[in-house]
Amino acid sequence: MTEPWQSRVSTVLLLIVALTGLGALPAGIGLLAEPSGAGLGMSPGMLAHGPFHDFAIPGLFLLLVLGLGAAIPVWGLWRRRRWGARAAAAYGAVLLAWITAQALIIGIVSPLQPVYGTIGLLIVAFALAAAREARAHVGGA
């Protein structure tokens, strides 16, 4: 039988991380397929103040770290591993750092940036809640 902390907080956390990772995949693929960013309505001029000349490296980051990388916390949460919530917290922190770096380098150029920043914060908050509930459950057993 699933414990309440697993069926509520961890399940919501798993869904948020999975959907965020799935959303990063087409963006990463799109930027790798067309590093100019034109396919996604972006311009290399957006990167004028940053370390990149095109979107290939950001696309690779999106694909590997935020897209495929979501599989690690999702797997841990799905299998109810103790490290799943910690992996999700790390994923949320990386997402938040990614959005913060974007805002600092190119500015806020899309309404999706604050949305994904908020999602990063929610992932961290849910991960901390899941870890706390897991510790309480283990301590109370």
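Start by selecting Trp98: at 17% relative accessibility this residue counts as buried, where buried means under 20% relative accessible area, exposed over 50% and partly exposed in between (1.4 Å probe, protein chains only). Keep in mind that you're looking at a predicted model, where local features need pLDDT of at least 70, side-chain atom pairs count only at pLDDT 80 or more, and totals for chains, interfaces and linings use all residues. Residues are numbered from 1 along each chain as its sequence is written, and side-chain values use heavy atoms, with hydrogens and water left out.

Now add Phe61 to the selection. Its ring and that of Trp98 have centres 4.5 Å apart and planes at 15 degrees, so the pair is stacked. The criteria: rings of Phe, Tyr and Trp (its six-membered ring) pair if their centres lie within 6.5 Å, and planes under 30 degrees apart count as stacked, over 60 as edge-to-face and the rest as tilted. Phe61 sits in helix H3 and Trp98 in helix H5, so the pair ties together parts that are 37 residues apart in sequence. Unlike its buried partner, Phe61 is partly exposed, with a relative accessible area of 26%. Searching the whole structure turns up 1 aromatic pair.

Zoom out and switch to cartoon. The chain has 6 helices and 0 strands; helices (H or I, at least four residues) and strands (E, at least two) are DSSP runs, numbered from the N terminus. Along its principal axes, the C-alpha trace spans about 55 × 25 × 20 Å. Of the 141 residues, 35% count as buried.

Next stop, the interior. What to pick in the largest nonpolar core? Of its 27 residues, Leu13, Val17, Leu66 and Ile123 touch the most other members. Such a core is a set of buried Ala, Val, Leu, Ile, Met, Phe, Trp, Tyr and Cys residues joined through side-chain atoms within 4.5 Å. Two or more residues each come from helix H2 (9-33), H3, helix H4 (71-78), helix H5 (83-106) and helix H6 (112-140).

Centre on Ile123 and show its contacts (heavy atoms within 4.5 Å). Leaving out residues up to four places away in sequence, Ile123 touches Leu13, Ile16, Val17, Thr20, Ala88, Tyr91, Gly92 and Leu95.

Then slide along helix H6 to Ile119. With the same sequence neighbours left out (up to four places away), Ile119 touches Ile16, Thr20 and Leu95. Tyr116, also found in helix H6, is partly exposed at 25% relative accessibility. Beyond four places in sequence, Tyr116 touches Thr20, Leu95 and Ile99. Draw a distance from Tyr116 to Leu66: their C-alpha atoms are 11 Å apart, with the two positions 50 residues apart along the chain.

Head over to helix H3 and click Ala56, which counts as partly exposed at 23% relative accessibility. Not counting residues up to four places away, Ala56 touches Leu31, Leu32 and Pro35.

Finish on the surface. Which residues make the nonpolar patch of about 610 Å²? Select Leu32, Phe52, Ile57, Leu60, Leu64, Val65, Leu68 and Val94. The largest share, 4 residues, comes from helix H3 (residues 56-67). Patches are made of residues with over 30% relative accessible area and no salt bridge, with like charges joined within 9 Å and nonpolar side chains (Val, Leu, Ile, Met, Phe, Trp, Tyr) within 5 Å; a salt bridge is a side-chain nitrogen of Lys or Arg within 4 Å of a carboxyl oxygen of Asp or Glu. Areas come from the Shrake-Rupley method with a 1.4 Å probe; for residues, only the protein chains shown count as cover. One patch member, Ile57, counts as partly exposed at 46% relative accessibility.
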